[in-house]
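Me: I've got a model open and want to talk through how the fold fits together. Can we go at it question by question?

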Amino acid sequence: MLNTVENGQATDKPDLLIAHGLFGSARNWGVLSKRLSDTRRVVAVDMRNHGSSPWYDTQSYSDMAADLAAVIDTPMDVLGHSMGGKSAMVLALQHPEKVNRLIVADIAPVAYAHTQMGPIEAMRRVDLSTISNRAEAAKMLTGLEPGVDTFLLQSLDLKEKRWRLNLDVLAAEMDKIIGFPDVTGSFDGPALFLSGANSDYVKREHRDRIKTLFPQAKFAKIPGAGHWLHAENPRAFEAAVRAYLD
């Protein structure tokens, strides 16, 4: 069972499940989870091989969708970002009875050409046996885009001198992570695809594929934000999520 972080109490509104992206964790969504929990119960998960969740030998979307399904007892609204968004889409397609409304943050049900091996290689270069604080680790965490080092350091367990990420499996399964499984059928429930206005992850040419799988899909963009839309413009992202769920 995945590790979960819960905020708020159950109300007459459906609970909200949040699935983070690659190299993330439930704690990345802590502020937003707490803010959204004023009207509903919010459950953020650590995906497999991330955070405090168990480590497994695979990182397929079918497996990640099954992990999410195991967390859900009664239908929930589901919000997923990037890898978590793809997992949420597969969850909705394979277990539609578990999903009330679906929100997919800055990702499409397609395979991408870019790899995410750079951050894995950067983390592997950090000599964990010699560090005593995050500043020392940050100096070794090189070759990354601005801000990525700070994000990755949230998954560094200083006490245990280890990453809370199963780097070997994430590397071995990278083709699956940047890909998307060959799925059939469709999810006929409400679906919102929220994109960063400065991001190119969800392109206009992806919309036919999205509409095939999610006939009720709606589209919206968050201004002043790229792929990390929930971090780059959190208030606009929160407002869009609230408006859709309510």
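Here is a short run of questions and answers on this predicted model.

Me: In what order do the seven strands of the open sheet come?
Reply: The sheet is an open one with mixed pairing. Neighbouring strands in it are turned by 20° against each other on average, ignoring direction. Reading across, the order is E1-E3-E2-E4-E5-E8-E9.

Me: Which strands stand at the edges, each with a single partner strand?
Reply: An edge strand has a single partner, so one of its sides is left without a neighbour in the sheet. That fits the two ends of the order E1-E3-E2-E4-E5-E8-E9. The edge strands are E1 (4–7) and E9 (217–222).

Me: In E4, which residue is the bridge partner of Leu16?
Reply: Strands of a sheet pair through backbone hydrogen bonds, either parallel or antiparallel. E2 and E4 take the parallel option, over four bridges. E2 (residues 16–19) also pairs in the parallel sense with E3 (residues 42–45), again over four bridges, and there Leu17 is matched with Val43. On the E4 side, the partner of Leu16 is Asp77.

Me: And in E5, what is the bridge partner of Val78?
Reply: E4 and E5 run parallel and are joined by five bridges. Val78 is one of the E4 residues, on the side where Met76 and Gly80 also point. Its partner in E5 is Leu102.

Me: How many of the six residues of E4 are buried?
Reply: Buried here means under 20% relative accessible area. Met76, Val78 and Gly80 point one way, Asp77, Leu79 and His81 point the other way, and all are buried. E4 is therefore largely enclosed by the rest of the structure, with the buried count at six of the six.

Me: Which helix lies across E2, E4, E5, E8 and E9?
Reply: The helix in question covers residues 234–245 and runs at about 155° to E5 (99–105). It also gives two or more residues to the lining of the largest pocket, as do H1, H3, H4, H6, H8 and H10. The helix is H11.

Me: What is the volume of the largest pocket?
Reply: Its lining has 40 residues, with Leu22, Val148, Phe151, His227 and Trp228 nearest the centre. By type, the lining divides into 20 nonpolar, 14 polar and six charged residues. The volume comes to about 970 Å³.

Methods: Residues numbered from 1 in each chain as written. Predicted model: local features only at pLDDT ≥ 70, side-chain atom pairs only at ≥ 80, totals over all residues. Heavy atoms only, no water. Pairing = 2+ DSSP bridges. Axes fitted to C-alpha atoms, helices over the stretch in contact; angles between N-to-C directions. Contact = heavy atoms within 4.5 Å. 1 Å grid on protein atoms, 1.4 Å probe; cavity = no way out; pocket = protein on both sides within 12 Å on 5 of 7 lines; lining within 4 Å. Points joined across faces, edges and corners; volume = space filled by probe spheres on them. Nonpolar A, V, L, I, M, F, W, Y, C, P; charged D, E, K, R; others polar. Buried < 20%, exposed > 50% of the residue type's maximum accessible area, 1.4 Å probe, protein only.
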